[in-house]
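Here is a friendly round of questions and answers for the bench. Have a look at the entry below before reading on.

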There are 2 protein chains.
Amino acid sequence: MEKEVEIIKAHGLRKTPVRVDILKYFSSKGYALSQPEIEDHFKKDFDRVTIYRTLHTYMECGILHKVPSEDGLTRYALCQHEHVHSEPHAHEHIHFSCTDCGKTTCIDSEPVPQVHLPKGFKAEETSLFVKGTCDKCAG
Amino acid sequence: MEKEVEIIKAHGLRKTPVRVDILKYFSSKGYALSQPEIEDHFKKDFDRVTIYRTLHTYMECGILHKVPSEDGLTRYALCQHEHVHSEPHAHEHIHFSCTDCGKTTCIDSEPVPQVHLPKGFKAEETSLFVKGTCDKCAG
DNA sequence: CAAAAAAAGCAACAATGTTGCATTAATATC
DNA sequence: GATATTAATGCAACATTGTTGCTTTTTTTG
Ligand SMILES: [Mn+2]
Ligand SMILES: [Mn+2]
Ligand SMILES: [Zn+2]
Ligand SMILES: [Zn+2]
């Protein structure tokens, strides 16, 4: 079975064209995609609402997660797990946004550093957003 | 001269009712405010577009900055400077979102830790978003 | 106070988010 | 493989937010 179909099935979802295609699109791109990017790419094939609901479903399942951004555009990125969950889970990884190519990527290889907070504050989840130049744009 | 008026003047802006009121509102609240919160509070007094443009102006001047959030709601927070700038500037501070009271606050007292990135990536600006329990909700 | 410049208000439209519901497609079962 | 069951899609419709142009009003300057 295809990787994408496997993921869909593993979450108890039905295999449908939108779902397979959107998942493939994410895999092929490898960086965070904004709602307009996704919509524009698929609008000839699928309804706007269907795309919206697919993203929603994928979020709930933990297949995608939202990537915060300063520009107000919601972005989505694939969750990288070795194991497939059916439950959503925490995402403690770095989000990197390249000021040159504009692409936002998830960096799982480096740990999120421990944060020291003022007295009384208790951290549960930390997310780190870094702007700069990515490896492909360097040099 | 009032503190709010002083800030407005220092940025070469004209003193108008919306500007003073919105600035006072931010000061009184002390945490990040979403666009709907601000709009709802002032809609009886000012036009939606005027509020929108005021926030926009304050962002450009560096009086307010955007606070990223996972819920998709844009939030704005006062920039804390000892000195008053006329230029926008970088904001390297922690944003803390309390899962209990829902309030998002800027934490300037603690440093943003150094992040280690994979080879080829160069960090220019780091922003840290922490979810957890705030000092007021602890205990 | 008058002139000049800037901001506010209003209308209008674009983009995105969101729901209900009838139709269609995907799976389970025979 | 046909059929029943259940879920997903498409479409219409509406809500919210973002954004612009332009006219009127307000603020500042002299
Ligand atoms: Mn993940
Ligand atoms: Mn600041
Ligand atoms: Zn890049
Ligand atoms: Zn709290």
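The questions below deal with a predicted model, beginning with the protein chains and ending with the DNA strands.

Q: How many residues does chain B bring to its contact with chain A?
A: Both chains take part in this contact, and chain A gives 34 residues. The area buried between the two chains is about 2900 Å², with 57% of that from carbon and sulfur atoms. On the other side of the contact, the number from chain B is 35 residues.

Q: How many residue pairs are in polar contact across the interface of chain B and chain A?
A: Two kinds of interaction can be looked up here. For salt bridges across this interface, the rule finds zero. For polar contacts, with both residues at pLDDT 80 or more, the number of residue pairs is twelve.

Q: Which element gives the largest share of the side of chain B that touches chain A?
A: Three strands of chain B each supply at least two residues of this side: β4 (94-98), β5 (104-107) and β6 (122-133). By residue type, the side divides into nine charged, eleven polar and 15 nonpolar residues. The largest share is twelve residues, and the strand that supplies them is β6(B).

Q: Which residue of β6(B) stands opposite K131(A)?
A: Strand β6 of chain A covers residues 122-133 and is joined to β6(B) by eleven bridges. The two strands run antiparallel. Within β6(B), the residue opposite K131(A) is E125(B).

Q: Which residue in the turn between β4(B) and β5(B) has a positive phi?
A: β4(B) and β5(B) run antiparallel and are joined by four bridges, with S97(B) standing opposite T104(B). Together the two strands form a hairpin with five residues between them. The turn residue with a positive phi, about 80°, is G102(B).

Q: Why is one side of β1 and of β2 in chain A left without a neighbour in the sheet?
A: The sheet in chain A is open and has three strands in the order β1-β3-β2, paired in the antiparallel sense. β1 (33-34) and β2 (64-67) of chain A each have a single partner strand, so one side of each has no neighbour in the sheet. The reason is their position: both stand at the edges.

Q: Which residue of β3(A) stands opposite L64(A)?
A: β2(A) pairs with β3 (residues 75-78) of chain A over four bridges. The pairing is antiparallel. In β3(A), the residue opposite L64(A) is L78(A).

Q: In chain B, which residue of β3(B) stands opposite V67(B)?
A: Chain B has an open sheet of three strands in the order β1-β3-β2, with antiparallel pairing. Four bridges link β2(B) to β3 (residues 75-78) of chain B. Opposite V67(B) in β3(B) is R75(B).

Q: How many charged residues are there in the surface near DNA strand C?
A: DNA strand C is surrounded by 21 residues, the closest being K9(A), K15(A), R48(A), R53(A) and R53(B). The residues of this surface include six nonpolar and five polar ones. The number of charged residues is ten.

Q: What part of DNA strand C has a nitrogen 3.2 Å from an N or O atom in the side chain of R14(A)?
A: Some side chains approach the phosphates of DNA strand C: Y52(A) has an N or O atom 2.9 Å from a phosphate oxygen, and R19(B) has a polar side-chain atom 3.1 Å from a phosphate oxygen. Of the strand C atoms within 4 Å of the protein, 61% belong to sugar or phosphate and the rest to bases. For R14(A), the nitrogen at 3.2 Å belongs to a base.

Q: How far is a polar side-chain atom of R14(B) from a base oxygen of DNA strand D?
A: DNA strand D has 20 residues around it, and R14(B) is among the closest. Sugar and phosphate make up 60% of the strand D atoms that come within 4 Å of the protein. One phosphate oxygen lies 2.9 Å from a polar side-chain atom of T16(A), and a base oxygen is 2.9 Å from an N or O atom in the side chain of R14(A). For R14(B), the distance to a base oxygen is 2.8 Å.

Technical notes
Residues are numbered from 1 along each chain as its sequence is written. Chains are lettered from A and ligands numbered from 1 in the order in which they are written. This is a predicted model: local features need pLDDT of at least 70, side-chain atom pairs count only at pLDDT 80 or more; totals for chains, interfaces and linings use all residues. Side-chain values use heavy atoms; hydrogens and water are left out. Contact means heavy atoms within 4.5 Å. Buried area is the accessible area (1.4 Å probe) that two parts lose on being put together, summed over both. A salt bridge is a side-chain nitrogen of Lys or Arg within 4 Å of a carboxyl oxygen of Asp or Glu. A polar contact is a pair of N or O atoms within 3.5 Å; within protein, one must be able to donate a hydrogen and the other to accept it, and residues adjacent in sequence count only if both atoms are side-chain atoms. Ala, Val, Leu, Ile, Met, Phe, Trp, Tyr, Cys and Pro count as nonpolar, Asp, Glu, Lys and Arg as charged, and the others, Gly among them, as polar. Two strands pair if DSSP finds at least two bridges between them. A residue is near a molecule or strand if one of its heavy atoms lies within 4 Å of it.
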